[in-house]
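Welcome, and take a moment to look around before reading on. This report walks through the sheets, the charged pairs and a few single residues.

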Amino acid sequence: VLTRTIGKADPEVDKRAMRVQRDMNYQCTEVMTEYRGEHEQALFHLAIGGSIFKKVYFDHALNRYTSKFVMADDFIVSYGTTDLDSCPRATHVMKMWPNDLLKNQYSGFYRMVEVPKPSIQYTDVDESEDRASGSAPSAEKDDRHELLEMHVEYDIPGYEDLDEDGEPTGIALPYIITIEKTSNIILSIYRNWNEDDEDKVKNEFFVHYPYLPGLGFYGIGLVHLLGGIAKSATSILRQLVDAGTLANLPAGLKSRGLRIKGDNSPLRPGEFRDVDVPSGSIKDNITFVPYKEPSSVLYQLLGTVVEEGRNIASIADLKVSDMSNQAPVGSTLAILERGMKVMSGVHARIHAAMRKEFKLLANLIRDYAPEEYEYEVVEGATRIEDYDDRVDIFPVSNPNAATMAHRIMRHQAIPQL
């Protein structure tokens, strides 16, 4: 996390920004111990599926703020949605164990109501994911409750939006409504705007990380770009392996009268067996099926398909070692930027989403963290005063230089210029 001040330079505000920077890094590494693991898993799924979501909220079970990874197939938005800010309804599909649901009910977070035993949920998507990860469900499958946490604009009777004359306007207000899917029981309804906000602007909890822009709300990942090419390459590779296996272990035909003494198991190295040949030589009584060696044309086609996939995904090998040491820095930078065009765009989108995530996290730290710092700082400094709108918080990365080689070239260009 980095910070900077907005507006006129002020030494006092700069000191606040530095305290916020250190505290945010402290929160992400020491307090939110799950943050790095969640974020790395999210980025892995981002490249595959094209979209992931981070949910930044105060967790009552942990009694602290957290940032959780949400897969794209567990986050459903209204048809025609372009962005989360203007989305009229977004639903987070949550899987929760019955014991955890009971804990939330006794803590007062959910309504104390009897919820029936959940029905077993195991779809074809779950089966495919388990097969890819090498895991398998237990005998009773998945017995977790499926909760639908809907961030929706709704006009609740008795709590209508009122005009200056006290008459209902009919405008839907933002709420968070949680429903148990199997029984359709409403577990909670929460106001989703700040109590002192006269405009009743909804609070955001989710951050969308897109890989590549898609035709709709969700992004496009490597599966969408390279799915067909990956199938073709896998099919060709299997054909080459099968051809090599048949060529190395050929099958054949032998005459009915040819008898091999003992069993017909494959010959061991250096072993000789007795055979009874009815007539002529052995080669006249044995014929091998003419299997061909792996095709060189098929092997070249495999290389072409793989290279085509690399070009589409812009992950072609960048051979910096082949460049001349005397090449101008501008030419080298142009080659690097050309090869990293798509990856730089992906990096910039991740950077922008992470910046929004840090802002949501900073608001939670301001509202829920202890007012006094847990470590020694300047006397009189508090989190409430430091975490204000005068300090801009953003990721430590530079969206304009995604690789170390790119950054080194940029730094080398400065003294030459």
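Strands here are DSSP runs of E with at least two residues, and they are numbered from the N terminus. With that in mind, V277 can be placed in the loop between β12 (275-276) and β13 (286-288). Please also keep in mind that this is a predicted model.

**A patch on the surface**

V277 is a good place to start. Its relative accessibility is 31%, so V277 counts as partly exposed. Together with I260, V275, I282, I286 and F288, V277 makes a nonpolar surface patch of about 450 Å².

**Two open sheets**

Strands of a sheet pair through backbone hydrogen bonds, and the pairing can be parallel or antiparallel. One open sheet in this model has three strands, ordered β3-β2-β9, with antiparallel pairing. Its edge strands are β3 (64-71) and β9 (206-210), each of which pairs on one side only. On average, neighbouring strands of this sheet are turned by 20° against each other, with direction ignored.

How many bridges join β2 to β9? Strand β2 (residues 51-59) is joined to β9 by five bridges, and the two run antiparallel. You can find one such pairing at I52, whose bridge partner in β9 is Y209.

Another open sheet is built from five strands in the order β4-β5-β6-β7-β8, and here too the pairing is antiparallel. Because β4 (75-77) and β8 stand at the edges with a single partner strand each, one side of each is left without a neighbour in the sheet. Neighbouring strands of this five-stranded sheet are turned by 20° against each other on average, direction ignored. Within the sheet, strand β5 (residues 89-96) is joined to β6 by eight bridges, and these strands run antiparallel. A90 offers a spot to check by eye: its bridge partner in β6 is H151.

**Charged pairs**

Side chains of opposite charge can pair when their charged atoms come close. Across the whole structure, a search finds 15 salt bridges. The table below shows some of them.

| Salt bridge | Closest N and O atoms |
|---|---|
| D23 with R383 | 2.9 Å |
| E357 with K54 | 3.0 Å |
| K181 with E146 | 3.7 Å |

Let us begin with D23 and R383, which form a salt bridge. D23 belongs to helix α1 (residues 11-31) and R383 to helix α9 (residues 383-386), so this pair ties together parts that lie 360 residues apart in sequence. Are these two residues buried or exposed? Both D23 and R383 are buried.

Next come E357 and K54, with their closest N and O atoms 3.0 Å apart. This salt bridge links distant parts of the chain, with E357 in helix α8 (residues 341-368) and K54 in strand β2, 303 residues apart. E357 has 0% relative accessibility, so E357 counts as buried. K54 is likewise at 0% relative accessibility and therefore counts as buried.

In the pair of K181 and E146, the closest N and O atoms are 3.7 Å apart. K181 sits in the loop between β7 and β8, while E146 sits in strand β6, so the salt bridge ties together parts 35 residues apart in sequence. The two partners have their own settings: K181 is partly exposed at 40% relative accessibility, whereas E146 is buried with a relative accessible area of 11%.

Salt bridges can also be followed through a network, and R16, R19 and D386 are linked in this way.

Strand β6 (residues 145-154) holds another residue worth a visit, E149. At 9% relative accessibility, E149 counts as buried. Its side chain makes a polar contact of 2.7 Å with the side chain of K55.

**Two asparagines with positive phi**

Most residues other than glycine have a negative phi. Which value does phi take at N63? Phi of N63 is positive, near 60°. N63 is found in the loop between β2 and β3, and N63 is exposed, with a relative accessible area of 58%.

N184 also has a positive phi, of about 60°, although it is not a glycine. N184 lies in the loop between β7 (173-180) and β8 (185-191). With a relative accessible area of 58%, N184 is exposed.

Methods
Residues are numbered from 1 along each chain as its sequence is written. This is a predicted model: local features need pLDDT of at least 70, side-chain atom pairs count only at pLDDT 80 or more; totals for chains, interfaces and linings use all residues. Side-chain values use heavy atoms; hydrogens and water are left out. Two strands pair if DSSP finds at least two bridges between them. Helices (H or I, at least four residues) and strands (E, at least two) are DSSP runs, numbered from the N terminus. Axes are lines fitted to C-alpha atoms, for helices over the stretch in contact, and angles run from 0 to 180 degrees between N-to-C directions. Patches are made of residues with over 30% relative accessible area and no salt bridge: like charges are joined within 9 Å, nonpolar side chains (Val, Leu, Ile, Met, Phe, Trp, Tyr) within 5 Å. Accessible areas come from the Shrake-Rupley method with a 1.4 Å probe; for residues, only the protein chains shown count as cover. A salt bridge is a side-chain nitrogen of Lys or Arg within 4 Å of a carboxyl oxygen of Asp or Glu. Buried means under 20% relative accessible area, exposed over 50%, partly exposed in between (1.4 Å probe, protein chains only). A polar contact is a pair of N or O atoms within 3.5 Å; within protein, one must be able to donate a hydrogen and the other to accept it, and residues adjacent in sequence count only if both atoms are side-chain atoms.
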